[in-house]
2 protein chains.
Amino acid sequence: ASTVSAAHPNLVITAEDVEAMRQAVKQPGLFQQTYQQVKASLDEQMLLPITVPVPKDAGGGYTHERHKKNQYLMYNAGVMYQLTQQQKYADYVRDMLIEYAKLYPTLPIHPQKKSSNVGKLFWQGLNEAVWLVYTIQAYDAALPGISKADRDSIEQGVLRQVALFLSEQSPHTFNLVHNHGTWATAAVGMTGYVLNEPEWVEKALYDLDKSGKGGFLRQMQELFSPQGYYSEGPYYQRYALMPFVTFAKAIETNEPERKIFEYRDGLLLKAIDTTIQLSYNKLFFPLNDAIKSKGIDTIELVNGVAIKYGLTADPQLLSIAQLQNQILLTGDGLKVAQGIEQGLAQPYDFQTKVYGDSASGDKGALVILRQQAASAEQAVVFKATGQGMGHGHFDKLNWQFYDHGSEIVSDYGAARFLNVEAKFGGRYLPENDSYAKQTVAHNTLVVDETSHYNGNWRESEKHYPELLFFADNDQVAVTSAKVDSAYQDVWFKRTMAQLKLADDRTIVVDIVDANGERQHQYDLPVNYQGQLIETNFKLAGNTTSLTPVGKANGYQHLWLKALAEPQAGMNKITWLNEENNRFYSYSTLTTAETQVLFTQTGANDPDFNLRNQHSFILRVPTAKLHTFVSVLEPHGEYNPSKEYTLNGSSQLTVLAFDRQREIDVVELAFVDGGRYLLAISNGKQVTSTSQSTFSHQGQSYTFQGRFSLLQLD
Amino acid sequence: ASTVSAAHPNLVITAEDVEAMRQAVKQPGLFQQTYQQVKASLDEQMLLPITVPVPKDAGGGYTHERHKKNQYLMYNAGVMYQLTQQQKYADYVRDMLIEYAKLYPTLPIHPQKKSSNVGKLFWQGLNEAVWLVYTIQAYDAALPGISKADRDSIEQGVLRQVALFLSEQSPHTFNLVHNHGTWATAAVGMTGYVLNEPEWVEKALYDLDKSGKGGFLRQMQELFSPQGYYSEGPYYQRYALMPFVTFAKAIETNEPERKIFEYRDGLLLKAIDTTIQLSYNKLFFPLNDAIKSKGIDTIELVNGVAIKYGLTADPQLLSIAQLQNQILLTGDGLKVAQGIEQGLAQPYDFQTKVYGDSASGDKGALVILRQQAASAEQAVVFKATGQGMGHGHFDKLNWQFYDHGSEIVSDYGAARFLNVEAKFGGRYLPENDSYAKQTVAHNTLVVDETSHYNGNWRESEKHYPELLFFADNDQVAVTSAKVDSAYQDVWFKRTMAQLKLADDRTIVVDIVDANGERQHQYDLPVNYQGQLIETNFKLAGNTTSLTPVGKANGYQHLWLKALAEPQAGMNKITWLNEENNRFYSYSTLTTAETQVLFTQTGANDPDFNLRNQHSFILRVPTAKLHTFVSVLEPHGEYNPSKEYTLNGSSQLTVLAFDRQREIDVVELAFVDGGRYLLAISNGKQVTSTSQSTFSHQGQSYTFQGRFSLLQLD
Ligand SMILES: [Zn+2]
Ligand SMILES: [Zn+2]
């Protein structure tokens with residue numbers, strides 16, 4: 001059913017692209033700059049002897065790194081051959097592949113083999129597949145400059161062998177609906193196009209037995225939700241995306257009739273958008289085991305944005321490409337460079353949106369609320385997703401808050417110093433399990449100092465939160481979700497609202513209901529970023545000795561800096577974020593029993609592995625039912641350089657909460673006299689035309705739909 | 001002896017400037033943008049009624065802030081009158097001054113008077129002088145649009161009265177050789193030019209009795225060192241500079257024959273340069289009670305740079321103006337805007353230099369060592385200055401280190417949240433005295449857990465360190481200083497060298513000699529910025545309880561996180577700076593008795609007033625004499641975004657120290673095989689031709705001058 005092209009290159013870069021690229025490298029501009037940099041660096045490397053060592057080392061070791069380096073060198077040499085038409089670049093690809101063709105047939109399974117996904121050049125088949133994805137592109141580009149005899153040696157000696165090893169000889173991985181399977185099918189399918197093996201393409205797309213039970217299309221079907229969300233979160237999503245968009249682009253080039261980018265309602269293009277949407281100020285939201293400094297400038301997303309721009313010419317993608325600040329030497333990369341240079345870039349439309357989790361999209365959700373505040377964008381991340389497998393955190397109904405460019409209420413992310421040998425070999429630190437994954441490291445309910453699902457991710461995988469509702473208009477976004485499986489006899493529910501009030505005041509309202517059959521201790525931590533400025537209640541600081549808050553489940557890592565027992569009512573905690581120099585106040589309604597614990601990471605951390613993180617924990621020592629009602633309010637500005645401080649204290653004067661049957665009523669008032677009523681209808685069947693009625697101070701109010709925000713006189 | 005001009009304006013802005021400025025506001029560009037912003041903001045304010053309240057409140061209070069606001073409104077209206085030639089702006093200045101002319105004669109001394117420097121409009125005469133500096137410029141600009149009758153009312157009712165109050169009626173302040181005196185003389189002198197009172201100018205310059213014992217010239221003579229260093233440090237220097245350059249510019253305009261900018265070998269122009277030099281990556285070195293976010297973009301230095309550029313047209317100043325990103329609506333501001341727009345800006349020449357302290361320049365010194373490292377500039381700040389009065393810290397021979405844009409070995413600066421009401425009214429916090437000023441908050445020798453001069457600044461003011469030597473070439477800069485007055489029976493000496501080795505490796509060598517007559521405990525703290533990565537010795541971490549390191553002198557604020565007792569020899573501590581993602585290793589030679597304490601601020605801090613600061617303290621529990629020999633080595637890069645880590649461990653393999661009579665010999669070797677000998681001659685009389693001889697591993701070496709750096713094979 002497939003037609004295979006005889007032109008080369010014809011995968012991600014096409015012969016037609018090459019024509020335009022050859023013109024572009026002669027003109028000053030972004031594309032030429034990249035070309036010159038890549039060429040200079042490659043020319044330097046080509047002065048060194050070709051090195052194709054016998055595989056020996058595990059990840060990070062010499063032979064591992066060398067074979068990785070070779071794949072990039074060949075790739076760049078292939079592209080450079082096309083751009084310069086200088087034979088030396090084709091010769092370089094040929095010479096290196098001839099070495100691989102001599103070596104590969106002699107190789108057993110890698111001596112350091114790891115897990116079931118074994119390789120020959122590498123300890124993992126995953127790396128072998130990545131190697132082939134780059135190498136087949138290199139070969140495709142250099143092919144017109146390689147003699148028939150050499151082509152035969154290379155194809156027989158290495159390319160076919162690797163492709164067969166990754167497919168027929170590794171059926172478990174190849175058919176697997178998992179990121180590793182995607183790399184394998186991409187590698188084999190692309191090789192099929194170049195070597196004119198349509199059957200390989202069919203198997204890559206539909207499983208070795210062509211049943212469609214496995215293969216690339218099944219992976220597209222199952223690894224993303226309909227909204228393009230990948231269950232491990234954006235840090236992993238941008239990595240998972242790479243083989244998808246690369247192979248899809250090759251399919252589009254060779255067989256546009258497959259309409260691969262239209263598959264599943266344009267799933268891959270949605271997934272690229274989602275990866276961008278799940279970021280703030282260039283960095284990905286740190287869901288699960290994320291390294292917090294990863295963001296939209298990663299190479300995987302540079303690829304995704306270029307390919308999507310090539311297909312759609314959406315000018316908003318250019319503003320992302322500007323932030324990425326990296327141009328690819330591909331046809332799409334050229335289009336991006338030209339678009340930027342022509343001044344076509346438009347701001348990216350970051351949206352308030354619900355991202356369903358799981359293949360069906362209905363097993364929990366990630367909800368992003370965004371609002372334009374006075375001079376910068378604000379974002380609320382509400383995580384009501386499934387577990388996200390082994391890298392998932394025990395953070396059901398966690399929230400994060402961003403304002404004015406900075407993280408304000410945060411997630412610790414992963415406890416890891418990536419590749420720093422002295423820090424546990426650069427791997428996930430023991431504190432990743434003992435602290436970062438635990439519920440108390442998050443901003444969500446902890447019952448009896450134990451983590452959700454007792455910290456058992458396989459158990460958690462079986463369950464997911466129920467998204468109760470989401471609704472919004474220009475001023476208000478409201479969402480609510482419930483979890484009944486994280487604890488034996490406790491279910492809990494969280495409703496969050498982002499409100500834009502008069503005077504560009506934007507706040508977050510948070511209502512957490514804990515419902516136990518028996519008495520429990522309920523903790524609600526808030527991990528805040530900044531320096532504590534004031535509380536409107538007395539702090540009992542531990543000034544001459546510190547001890548850990550608890551013994552396990554992350555609590556053993558928290559020093560108890562102060563314990564407060566505020567009077568019942570509205571209590572406030574104000575901090576100053578020192579990155580954006582803004583103030584934030586958390587106002588919460590407490591009962592007479594509520595305690596507030598002020599903590600700092602660092603206990604039971606003999607190797608100084610944990611970063612400094614401060615939190616306060618609202619604690620209800622014993623209750624069956626409890627409702628936490630809180631408001632987070634950004635306010636004011638600290639400008640020591642210009643020597644002024646504006647509104648350093650909370651402006652909220654009234655916070656009151658009333659539950660009338662299924663309606664939650666929150667009253668808010670501010671020092672400037674602004675008074676508001678927020679009403680949220682929690683009914684299951686509420687539609688946009690449903691009528692709800694509540695009373696407040698003797699007056700009756702009726703509203704339509706899920707919520708109402710009234711400004712009182 | 002003085003001629004007074006009849007043209008207006010004729011102070012900082014001249015009639016000639018105005019011609020050019022009127023043209024410039026018609027052309028698109030930086031100057032026009034500023035003009036439009038200032039005009040829009042002023043026009044909005046001018047819609048509100050003029051408000052000149054009876055003085056009542058202290059600093060920060062309503063009437064205080066209102067009179068300050070009025071001075072800026074009048075100033076901008078005066079300038080706007082000149083630029084637009086619209087009568088309404090002159091009327092606005094007139095109307096407000098008429099109100100002041102009615103009010104001022106009725107005023108007693110301000111009810112909230114503070115100290116001996118009293119005011120009428122304000123609680124301090126200082127504010128009154130600042131008010132007049134702005135207001136006389138406003139009047140000078142608006143004068144051509146004000147009727148003779150109104151001028152008389154204004155001059156008699158307020159301008160003359162304020163000038164007389166600040167001079168004849170406040171002789172103590174007016175004649176004072178102090179920042180407050182400078183504002184008073186500037187205000188009165190500038191008023192003298194506008195009101196044609198040459199006698200006032202004479203008194204402003206030479207004291208009320210014209211003896212020259214006080215007055216502006218005496219202030220220029222005594223408040224700065226010959227290198228333009230102001231004893232309180234750059235944070236205060238930029239503030240002190242404002243009245244100096246403003247009045248000097250007015251003198252230059254009216255009486256160029258006084259050659260005020262040539263006075264004392266061009267002192268004021270030097271002082272502007274010095275203020276810029278005492279910064280790194282836009283921020284001032286935080287010496288003494290400095291707010292750390294203050295930098296070269298403060299309005300005082302924007303003024304200084306513009307005025308200096310107007311005089312010198314030095315294109316390096318334009319690169320500073322670009323960083324300041326603020327254009328002034330003055331003739332000099334226009335020149336700056338045009339220079340930038342013409343692309344004339346050149347990089348500023350930040351220098352390795354000795355800044356003598358005190359009027360004579362020989363009572364201690366601040367030494368700045370700079371070196372261009374691989375991709376960024378490095379700076380060492382060595383503070384061998386006098387106390388710097390009441391805002392000084394007890395930090396004799398302290399050092400700070402900057403690399404790759406970030407603070408690496410740091411000074412806490414001031415413990416203060418400027419203007420944040422909740423933090424002790426925005427004033428200096430109690431922790432400023434109890435911690436930030438104390439010696440242990442610095443990176444210098446602490447004897448027996450007591451601060452230098454027992455924390456008595458008046459005692460410290462009587463003494464100063466002795467700068468022993470400074471010498472440099474392209475690869476090496478060496479300096480040394482000694483203090484014999486900070487402790488009763490201990491003197492100490494510190495020698496610091498910044499070395500540029502092969503492969504762009506730049507390191508700092510630090511030798512501290514403590515010499516007591518009796519046994520003492522010697523502590524050498526290093527306040528580092530970053531996350532601890534590794535030590536080559538065992539840490540005994542306090543994992544389940546923390547207690548303060550000590551009881552007083554700042555030690556009560558330090559939690560003891562770990563205590564180590566490393567084996568004698570070269571011991572290493574590596575941290576990762578998370579701002580620039582670079583690694584830093586501190587390698588030090590320890591004896592068998594040396595302990596290393598790892599600390600963190602936060603103990604005895606019930607109000608969470610202290611920022612988190614980490615340090616390690618090298619401790620010699622009992623000794624009469626001890627020499628600390630250490631190397632700080634920047635290395636490697638952490639790039640979690642691109643997923644690589646380079647040289648995460650220290651590259652230094654050998655650190656050895658040998659003292660041969662007056663010669664210190666430091667041997668260094670690195671993993672890449674580079675071996676070096678640094679020899680420093682400590683002799684008192686060493687000149688550039690002196691010969692010194694030392695031996696190393698049986699070989700004899702001779703060198704000329706203060707130091708020698710040899711690369712061994
Ligand atoms: Zn997490
Ligand atoms: Zn200090």
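Start with both chains in view: a turn of 180 degrees and a shift of 0.1 Å along the axis lay chain A on chain B with an RMSD of 0.1 Å, the superposition being a least-squares fit on the C-alpha atoms of residues with pLDDT of at least 70 in both copies. That is the relation of a two-fold axis. To find the axis, select A:Leu546, whose C-alpha is the nearest to it in chain A, at 2.5 Å. Both copies use the same surface, since 100% of the contact residues of chain A recur in chain B; contact means heavy atoms within 4.5 Å.

This is a predicted model, in which local features need pLDDT of at least 70 and side-chain atom pairs count only at pLDDT 80 or more, while totals for chains, interfaces and linings use all residues. Residues are numbered from 1 along each chain as its sequence is written, chains are lettered from A and ligands numbered from 1 in the order in which they are written, and side-chain values use heavy atoms, with hydrogens and water left out.

Next, select the zinc ion (ligand 1). Its protein donors are A:His393 (ND1), A:Asp411 (OD), A:Asp411 (OD) and A:His442 (NE2), at 2.1 to 2.5 Å. Donors are N, O and S atoms within 2.8 Å of the metal (3.2 Å for Na, K and Ca); water is not among the atoms, so sites may look incomplete. Angles among the 4 donor atoms run from 53 to 170 degrees, and the site is irregular, that is, neither tetrahedral (four donors, all angles between 85 and 135 degrees) nor square planar or octahedral (four or six donors, opposite ones over 155 degrees apart and all others between 65 and 115).

The donor residues follow the spacing H-x17-D-x30-H. A:His393 is in the loop between strand 5 (377-384) and strand 6 (398-403) of chain A, and A:His442, 49 residues away, is in the loop between helix 16 (430-436) and strand 8 (446-447). Helices (H or I, at least four residues) and strands (E, at least two) are DSSP runs, numbered from the N terminus. A:His393 counts as buried because its relative accessibility is 0%; buried means under 20% relative accessible area, exposed over 50%, partly exposed in between (1.4 Å probe, protein chains only). A:His442 is also at 0% and buried.

Now show strand 6 and strand 7 (residues 406-409) of chain A, which pair in the antiparallel sense over 3 bridges. A:Tyr402 has A:Glu407 as its bridge partner. In this hairpin, with 2 residues between the strands, A:His404 takes a positive phi near 50 degrees.

Last, select A:Gln86, in the loop between helix 3 and helix 4 of chain A. A:Gln86 is partly exposed, at 33% relative accessible area.

Definitions and conventions: Two strands pair if DSSP finds at least two bridges between them.
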